[in-house]
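Please keep the structure open while reading these notes. The points below go through two helices, the nonpolar cores, the ligand site and one arginine.

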Amino acid sequence: MKIELAPEPTYLGKKMDLSPTAFGELRVSADIVRDPTALKARIDEDGYLFLPGLLDRSDVLAARDETLRRMSAAGYLDPAYPIAEAIPAPDLKDGFIPQLAAGNQPLQKIAFQGPMMAFYERFLGGPVLHFDFVWLRAKLPGVTDATRPHYDIVFMGRGTKQLFTSWTPLEDVPKEKGGLMILEGSHRLEDVKSTYGELDVDTYCVNREESTDLDSGDRQWKVRVNGGKFAEDALALRESYGLRWLTADYRAGDVLLFGMYTMHASSDNHSRSLRLSSDTRYQLASEPVDERWIGENPPGHGPAGKHGMIC
Ligand SMILES: O=C(O)CCC(=O)C(=O)O
């Protein structure tokens, strides 16, 4: 099938400012991948590490195949097209599919064995623990499903803050297909870190009478923390801070790693197919862990993960 891509990336249907002061390419750190001292200096400076080709490309594509096979079996794909084309079922509204990561051996292999784990052990300098939960995503074609700007800390900050995300495209993702974007220098925005960056999306106010969902805190959760996003409009946000959105034409095998206080978002997917990626988390095993994301059936953002507080 012919894949028609828009000539330029957009965010929620709006053209992005592609001038050099507003938009740029991620810095590649493949040359220092075996040098932990240089990697630490680089992530302190940039807030991220872009590691093209860290993973075996054929292993990554095997993870894509298995994920699509599961998606097809679960009715997420349009049966009129070959599975490999990843064309969404006409009524598909949400492509967040962590449930299809459980027991998905090819995906577990790229995320939790081999080069990914070896990299983290070298980078962190000791035995590494990964979250068991896998944020597996199939981002919808169109102009509604771009990821809104956020820090990861608000979703997973109950353990060590020395926690890292690996964003792993499961296929080639050119800019027009809506890959991840990093807001350059956002890990140094102290005003944002000390306000928004202190939130925990699973806390709720036990003393708010308007809530009808005190047991789960669900309703207050959504209202109080805005679903965890820092802003709706990535373009206005960039402009207000005078920073650049950085991204890349990703290839299967690449990994983009970043810290908990690095603002990120994604652009629109202008292809006809779903954009497949996973995001997974790693830390030193000796440090405290956020229990929401550990175990065979992690509680995640469900009722068991909620904390009541006086607001
Ligand atoms: O894949 C995306 O668009 C979002 C990923 C993300 O938010 C993350 O890796 O933390």
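**Notes on the predicted model**

1. Start with the outer side of helix α8, where Glu239 and Ser240 are exposed. The model is a predicted one. Which residues of α8 (residues 234-241) are buried? They are Ala234, Leu235, Leu237 and Arg238. Seen down the axis of α8, these buried residues fall within an arc of 160°, so they line one face of the helix.

2. The buried residues of α8 have several packing partners: β1 (10-11), β2 (14-15), β8 (180-183) and β10 (245-247). Both ends of α8 also deserve a look. At the N-terminal end, Asp233 acts as a cap, with a side-chain oxygen 2.8 Å from the backbone nitrogen of Leu235. After α8 comes Gly242, which has a positive phi, near 65°.

3. Helix α1 (residues 36-46) can be read in the same order. Its buried residues are Leu39, Arg42, Ile43 and Asp46. Because they cover an arc of only 95° around the axis, they sit on the same side of α1. Thr37 and Asp44, on the other side of α1, are exposed.

4. What do the buried residues of α1 pack against? Their partners are β4 (48-51), α4 (114-124), β7 (164-169) and β11 (255-259). Gly47, just after α1, takes a positive phi of about 85°.

5. Next, the nonpolar interior. In soluble globular proteins, nonpolar side chains tend to be buried together. Here the largest nonpolar core has 43 residues, and those touching the most other members are Met71, Phe119, Tyr120, Phe123 and Leu274. At least two residues of this core come from each of α1, β4, α2 (57-73), α3 (105-112), α4, β6 (135-139), β11 and β13 (275-284). The element that gives the most to this core is α4, with six residues.

6. Met71 is a useful residue to select on screen. Leaving aside neighbours within four places in sequence, Met71 is in contact with Tyr76, Leu77, Ile97, Leu100, Ala138, Leu274 and Leu276. Apart from the core of 43 residues lies another core, of 32 residues, which includes Phe133, Met263, Ala265 and Val289.

7. Now the ligand. How many residues surround the ligand, and which are the closest? There are 15, and the closest are Thr147, Trp167, His264, Arg275 and Arg281. Polar side-chain atoms of Trp167 and Arg281 each lie 2.9 Å from an oxygen atom of the ligand. For Asp152, a polar side-chain atom lies 3.0 Å from an oxygen atom of the ligand. On its own the ligand has 300 Å² of accessible area, and the protein covers 99% of that.

8. Finally, look at Arg292, in the loop between β13 and β14 (307-309). Is Arg292 buried or exposed? Arg292 counts as buried because its relative accessibility is 2%, and buried means under 20%. Its side chain joins that of Asp202 through a polar contact of 2.7 Å. The side chain of Arg292 also reaches the backbone oxygen of Phe155 at 3.5 Å. Not counting residues up to four places away in sequence, Arg292 touches several others, among them Met156, Gly157, Arg158, Asp200, Pro298 and His301.

Conventions. Residues are numbered from 1 along each chain as its sequence is written. This is a predicted model: local features need pLDDT of at least 70, side-chain atom pairs count only at pLDDT 80 or more; totals for chains, interfaces and linings use all residues. Side-chain values use heavy atoms; hydrogens and water are left out. Buried means under 20% relative accessible area, exposed over 50%, partly exposed in between (1.4 Å probe, protein chains only). Helices (H or I, at least four residues) and strands (E, at least two) are DSSP runs, numbered from the N terminus. The arc is that of the directions from the helix axis to the C-beta atoms. Contact means heavy atoms within 4.5 Å. A nonpolar core is a set of buried Ala, Val, Leu, Ile, Met, Phe, Trp, Tyr and Cys residues joined through side-chain atoms within 4.5 Å. A polar contact is a pair of N or O atoms within 3.5 Å; within protein, one must be able to donate a hydrogen and the other to accept it, and residues adjacent in sequence count only if both atoms are side-chain atoms. A residue is near a molecule or strand if one of its heavy atoms lies within 4 Å of it. Accessible areas come from the Shrake-Rupley method with a 1.4 Å probe; for residues, only the protein chains shown count as cover.
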